[in-house]
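User: Hey, I've got a model open and I'm a bit lost. Can you walk me through it?
Analyst: Sure, pull it up and ask away.

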Amino acid sequence: MRMNLEHLYPAVDRVREHRYTARSKEASFLRAYPAMISAARLEAQDPREAFLRIAALAHAWMPHALRLDDAFLGAATDALEQIRSGNVTISEAVIQPIADCVSSLIGASKVLHLANPAVFPLWDKRVERFRIREAPDAYHMGQARNYLGFIEDVWTVTSDPLFLTFHHDYCTAYQERLQRLRIAPYPLTEARVVQSATSELASD
C-alpha cells in the first residue's frame, strides 16, 4: 500500500500535542537543522571539499562516526555536484555512489537532503516502517530502490490537490512547536514536510 496524504493528516495534531523538553535530542535536532542546511550551502574550494563537509555534517545525525570508502569518493563527489546544481535525474545512479562512499544508504539520504532539501527527503528505518507497514530488515534498508520508493511516495503526497492545505496546517503546528522551544522560525520544503510528518507518526 502506497503512502498518501490521508495517512499523514494525524501528524498535525501530533505536532501540536507532543511537547519536547528544551534539552531533548528532538529539540536539539530542530534547533540545529537550519544551521546544518546553511552550512551545507557554503561555497567550497572544490567539489571534493563540498562532499566531505556535507558528509561530515550528515553524520552528526547518525549513531556512528563517518567512515568513507575512498574507492567511491570520486563518483560520490561527482554525484553530489550534480545534485547541488539542481540539474539531475533522480535515480540509483546518483544515490548509490554516495551510499557506497559513506557505507550507508540512510547516511546517503542525509547527505542528499543537506545538498538539495527540496528534492531529497531524509529517510530511516522508522520512516520506512511507516511507509511499508512492516519492519524493514537491513537488506531492505540497503537497497536504493526502496529509498527511491519513498521519494516517489513523497511526490504522490505533494501532488495531491489538498496538499497545500495540509502543508499550511502542518507548518503552522511546526512553527508553534518551535516557538514553544524558543527556536527562531524557519521554512520547510515540501519534501521535508512529508518526511517530518511521517517521522511524527512513525514514533509510536
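User: OK, where is Arg-182 found?
Analyst: Arg-182 is in the loop between helix 11 and helix 12 (190–202). Helices here are DSSP runs (H or I, at least four residues), and strands are too (E, at least two), with numbering from the N terminus. One thing up front: this is a predicted model, where local features need pLDDT of at least 70 and side-chain atom pairs count only at pLDDT 80 or more, while totals for chains, interfaces and linings use all residues. Residues are numbered from 1 along each chain as its sequence is written, and side-chain values use heavy atoms, with hydrogens and water left out.

User: Got it. Is Arg-182 buried or exposed?
Analyst: Arg-182 counts as exposed, because its relative accessibility is 79%. The cut-offs are under 20% relative accessible area for buried, over 50% for exposed, and partly exposed in between, using a 1.4 Å probe and protein chains only. Arg-182 also has a positive phi of about 60° although it is not a glycine.

User: Which other residue has a positive phi without being glycine?
Analyst: Arg-133 does, with phi near 65°. Arg-133 lies in the loop between helix 8 and helix 9 (138–141), and at 39% relative accessibility it counts as partly exposed.

User: What does Arg-133 lie over?
Analyst: The face of Phe-130, at 4.7 Å from the ring centre. To count, NZ of Lys or CZ of Arg must be within 6 Å of the ring centre and within 35 degrees of the ring normal. Arg-192 lies over a ring as well: the face of Tyr-33, at 4.8 Å from the ring centre.

User: Tyr-33, nice. Which ring does Tyr-33 form a stacked pair with?
Analyst: First the rule: rings of Phe, Tyr and Trp (its six-membered ring) pair if their centres lie within 6.5 Å, and planes under 30 degrees apart are stacked, over 60 edge-to-face, the rest tilted. That gives 10 aromatic pairs. In one of them, Tyr-33 stacks with Trp-61, at 6.2 Å centre to centre and 15° between the planes. Tyr-33 is in helix 3 (residues 25–40) and Trp-61 is in the loop between helix 4 (47–58) and helix 5 (73–85), so the pair ties together parts that are 28 residues apart in sequence. Both residues are buried.

User: And what about Tyr-170 and Tyr-174, how are they arranged?
Analyst: Those two form a tilted pair, 6.2 Å centre to centre with 35° between the planes. They're 4 residues apart in helix 11 (residues 163–180), which means about one helical turn separates them. As a rule, an α-helix has 3.6 residues a turn, so residues three or four places apart point the same way. Tyr-170 is buried at 0% relative accessible area, and Tyr-174 is buried at 1%.

User: Which cluster do these rings belong to?
Analyst: One aromatic cluster that includes Tyr-33, Trp-61, Tyr-170 and Tyr-174, along with others such as Tyr-9 and Phe-166.

User: Switching topic: how many residues are in the largest nonpolar core?
Analyst: It has 66 residues, and among those with the most contacts inside it are Phe-51, Ile-98 and Tyr-170. A core here is a set of buried Ala, Val, Leu, Ile, Met, Phe, Trp, Tyr and Cys residues joined through side-chain atoms within 4.5 Å. Ile-98 touches Phe-51, Ala-76 and Val-111, among others, not counting residues up to four places away in sequence. Contact means heavy atoms within 4.5 Å.

User: Phe-51 sits in helix 4, right? What covers the buried residues of that helix?
Analyst: Phe-51 is one of the buried residues of helix 4. The cover includes helix 3, helix 5, helix 6 (92–102) and helix 7 (105–115). Leu-52 is in helix 4 too, but it is partly exposed, with a relative accessible area of 33%. Leaving aside neighbours within four places in sequence, Leu-52 is in contact with Leu-68 and Leu-73.

User: Last one: how many disulfides are there?
Analyst: The count is 0, where a disulfide is a pair of cysteine sulfur atoms within 2.5 Å. Cys-101 is buried at 0% relative accessibility, and Cys-171 is buried at 13%.
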